[in-house]
Amino acid sequence: MIRNRPLRTAPLALLLGLLAAGCGASHTKPYQDANMDFGAIRTVAVLPFSNLTRDNLAAERVRDVFASMLLSTGAVYVVPYGEVVRTVGKAGVPVASMPSVEEVVKLGTALKADAVVVGVVKEYGEVRSGSATGNVVSLSVQLLECATGKVVWSGATTKGGVSMKDRLLGGGGAPLNDATEAAIDDLLDQMFR
């Protein structure tokens with residue numbers, strides 16, 4: 001009798017494992033500088049994001065949604081993107097998506113920003129699992145304090161993908177914009193905890 005017990009729970013454990021794998025959630029713990037006064041950050045500039053995907057416009061799309069959703073929180077003012085691009089050009093920052101400490105300080109002074117946001121879009125678009133497809137967005141974001149140029153917050157997330165429902169019933173999963181907004185919601189939740 002005792003021998004058969006693990007065999008009865010094995011299908012349940014397998015099913016729970018598959019459900020967890022199909023939910024598209026990220027399990028990365030965010031970093032937050034314990035010595036930073038986040039209440040002092042009033043103005044933020046969102047720099048261009050790096051793009052590690054096959055979609056040439058993924059970083060621009062995700063950065064735009066991130067900046068809009070950050071502004072909509074009402075917690076900070078987000079410097080308009082046109083002003084950010086002009087200032088990056090004038091400051092001579094060669095790779096705006098990966099500024100040096102000195103460049104962060106320089107941009108902060110020029111933009112009158114307390115912090116800048118940099119990010120990396122790691123996945124963006126359709127993924128396939130068997131005959132099912134779904135959209136996935138995976139990104140990581142850092143908040144850099146302009147006074148010192150150091151990282152004061154960092155988080156990562158992955159949302160979307162092929163769910164168990166998609167595998168069993170077919171379907172294309174959530175639209176790409178919904179997955180993008182869910183990923184950014186997760187990052188903003190991490191940031192404002």
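## Asp-33 and its distant partner

Asp-33 counts as buried in this predicted model, with a relative accessibility of 7%. Its side chain meets that of Lys-150 in a salt bridge, with an N to O distance of 3.0 Å. This pair ties together distant parts of the chain, as the two residues are 117 residues apart. Asp-33 sits in the loop between β1 (31-32) and β2 (43-46), while Lys-150 belongs to the loop between β6 (132-145) and β7.

The two ends of this bridge have their own levels of cover. Lys-150 is partly exposed, at a relative accessible area of 40%, whereas Asp-33 is buried.

## The other salt bridges

How many salt bridges does the count come to? The count is 4, and two more of them are worth a look here. Start with Asp-64 and Arg-63, whose side chains meet at 3.9 Å, N to O. With a cut-off of 4 Å for a side-chain nitrogen and a carboxyl oxygen, this pair therefore counts as a salt bridge. Arg-63 is buried, with 6% relative accessibility, and Asp-64 is partly exposed, with a relative accessible area of 42%.

Then take a look at helix α3, which covers residues 81-91. Both Glu-83 and Arg-86 lie in this helix, 3 residues apart, or about one turn of the helix. Their side chains form a salt bridge of 3.3 Å, N to O. Glu-83 is partly exposed, and its relative accessible area is 33%.

## A polar contact from strand β7

Moving on to strand β7, residues 151-160, we find Thr-157. Is Thr-157 buried or exposed? Thr-157 counts as buried, because its relative accessibility is 1% and the buried class takes in residues under 20%. The side chain of Thr-157 is joined to the side chain of Asp-186 by a polar contact of 2.5 Å.

## A negative patch and helix α6

Which residues form the negative surface patch? Asp-178, Glu-181, Asp-185 and Asp-189 make it up. One of these, Asp-185, has its place in helix α6, which spans residues 176-191.

Asp-185 is partly exposed, with a relative accessible area of 39%. Patch residues need over 30% relative accessible area, so Asp-185 passes that cut-off. For a final contrast in cover, Asp-185 in helix α6 is partly exposed, while Thr-157 in strand β7 is buried.

Conventions: Residues are numbered from 1 along each chain as its sequence is written. This is a predicted model: local features need pLDDT of at least 70, side-chain atom pairs count only at pLDDT 80 or more; totals for chains, interfaces and linings use all residues. Side-chain values use heavy atoms; hydrogens and water are left out. Patches are made of residues with over 30% relative accessible area and no salt bridge: like charges are joined within 9 Å, nonpolar side chains (Val, Leu, Ile, Met, Phe, Trp, Tyr) within 5 Å. Accessible areas come from the Shrake-Rupley method with a 1.4 Å probe; for residues, only the protein chains shown count as cover. Lys and Arg count as positive and Asp and Glu as negative; His and the chain ends are not counted. The place of a charge is taken as NZ of Lys, CZ of Arg, CG of Asp or CD of Glu. Helices (H or I, at least four residues) and strands (E, at least two) are DSSP runs, numbered from the N terminus. Buried means under 20% relative accessible area, exposed over 50%, partly exposed in between (1.4 Å probe, protein chains only). A polar contact is a pair of N or O atoms within 3.5 Å; within protein, one must be able to donate a hydrogen and the other to accept it, and residues adjacent in sequence count only if both atoms are side-chain atoms.
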